[in-house]
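Me: Please take a close look at the salt bridges in this structure for me, and at the surroundings of the residues that form them. I'd like one connected walk-through with the cut-offs included.

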Amino acid sequence: MNRHNYITSMVEGSLCIALAFVLSRFILFRMPQGGSINFELVPLLLLTYKRGFKWGVISGAVLGVLKILFGGYFMNVIQVLLDYPVAFACVGLAAIRPKILGLIIAMIANISCSVISGVVFFAEFAPEGQHPFIYSLAYNVPVVGVKYILSGITALILWKSLAKILQK
């Protein structure tokens with residue numbers, strides 16, 4: 001990658017991270033023990049589709065760090081890494097072609113981070129007699145799944161629209 005492309009990618013990445021952070025504040029639905037449904041993933045997905053895996057992972061991880069700094073929930077270092085930078089870095093997996101397959105793989109990876117964190121660090125929220133894995137799965141799959149589905153559909157529509165505009 002030449003210097004001009006690198007700088008362009010950095011600027012696009014920075015703008016997408018900033019937009020994702022702002023969109024994370026517009027919450028459609030908030031879960032009681034954390035997690036929310038919003039459109040924060042849309043700019044990161046668009047960046048990932050355009051620039052690929054590396055830029056998707058980097059931008060997702062940076063967004064995760066920003067979310068920690070501006071109101072993240074901290075129990076310990078591993079929980080913070082799983083719930084924020086690692087989970088959001090999973091968006092880079094959406095670069096896998098075809099886009100729908102990449103989106104599904106990114107969603108599964110993100111859900112895996114959330115479920116592992118839930119089993120290990122949030123087991124006390126599981127109802128009496130329910131296994132923490134089942135509780136964490138039931139809690140995280142709808143939230144992360146809906147967020148990825150809504151953001152993925154929106155990003156794919158925008159991607160196709162942008163492709164048509166840029167071809168003219």
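Reply: Happy to. A salt bridge here is a side-chain nitrogen of Lys or Arg within 4 Å of a carboxyl oxygen of Asp or Glu. The model is predicted, so local features need pLDDT of at least 70 and side-chain atom pairs count only at pLDDT 80 or more, while totals for chains, interfaces and linings use all residues. Residues are numbered from 1 along each chain as its sequence is written, and side-chain values use heavy atoms, with hydrogens and water left out.

Searching the whole structure turns up four salt bridges. One of them joins E12 and R51, whose closest N and O atoms are 2.7 Å apart. That pair connects distant parts of the chain, with E12 in helix α1, R51 in helix α2 and their positions 39 residues apart. Helices (H or I, at least four residues) and strands (E, at least two) are DSSP runs, numbered from the N terminus. R51 counts as partly exposed because its relative accessibility is 22%; buried means under 20% relative accessible area, exposed over 50%, and partly exposed in between (1.4 Å probe, protein chains only). E12 and R51 also belong to a salt-bridge network that includes K50.

Now to E40, which takes part in two of the pairs described here. Its bridge to K67 has closest N and O atoms 3.0 Å apart. This pair again spans distant parts of the chain: K67 is in helix α3, E40 is in the loop between β2 (36-37) and α2, and they are 27 residues apart. The side chain of E40 also meets that of K147, at 2.6 Å from N to O. Here the link runs from helix α6 (residues 132-167), where K147 sits, to the loop between β2 and α2, across 107 residues. Both K147 and E40 are buried. E40 counts as buried because its relative accessible area is 0%, and K67 is buried because its value is 16%.

K67 deserves a look of its own. Leaving aside neighbours within four places in sequence, K67 is in contact (heavy atoms within 4.5 Å) with F21, S24, E40, G72, Y84 and F88. Y84 and F88 are among the buried residues of α4, as are Q79, V80, L82, D83, P85, A87 and A89. The cover over those buried residues includes α2, α3 (53-69) and α5 (99-121).

Next to K67 in the numbering comes I68, also in helix α3. I68 counts as partly exposed because its relative accessibility is 25%. Beyond four places in sequence, I68 touches V80, Y84 and P85. The C-alpha atoms of I68 and D83 are 9.3 Å apart, with the two positions 15 residues apart in sequence.

D83 is where helix α4 (residues 77-89) has a kink of about 30 degrees, shortly before the proline P85; the bend at a residue is the angle between axes fitted to the seven residues ending there and the seven starting there. At the N-terminal end of α4, N76 acts as a cap, with a side-chain oxygen 3.0 Å from the backbone nitrogen of I78. That is a polar contact: a pair of N or O atoms within 3.5 Å, where within protein one must be able to donate a hydrogen and the other to accept it, and residues adjacent in sequence count only if both atoms are side-chain atoms.

Back in α2 (residues 41-51), the helix that holds R51, we find T48. T48 counts as buried because its relative accessibility is 0%. A polar atom of the T48 side chain lies 2.8 Å from the backbone oxygen of L44. Apart from neighbours within four places in sequence, T48 is in contact with G56, V91, G92, A94 and A95.

Two of those names lead on to α5, where G102 is placed. G102 is buried, because its relative accessible area is 0%. G102 touches L93, A94 and I96, not counting residues up to four places away. From G102 to G92 the C-alpha distance is 8.7 Å, and the two are 10 residues apart in sequence.

For contrast, return to α1 (residues 3-23), which includes L15. L15 counts as exposed because its relative accessibility is 57%.
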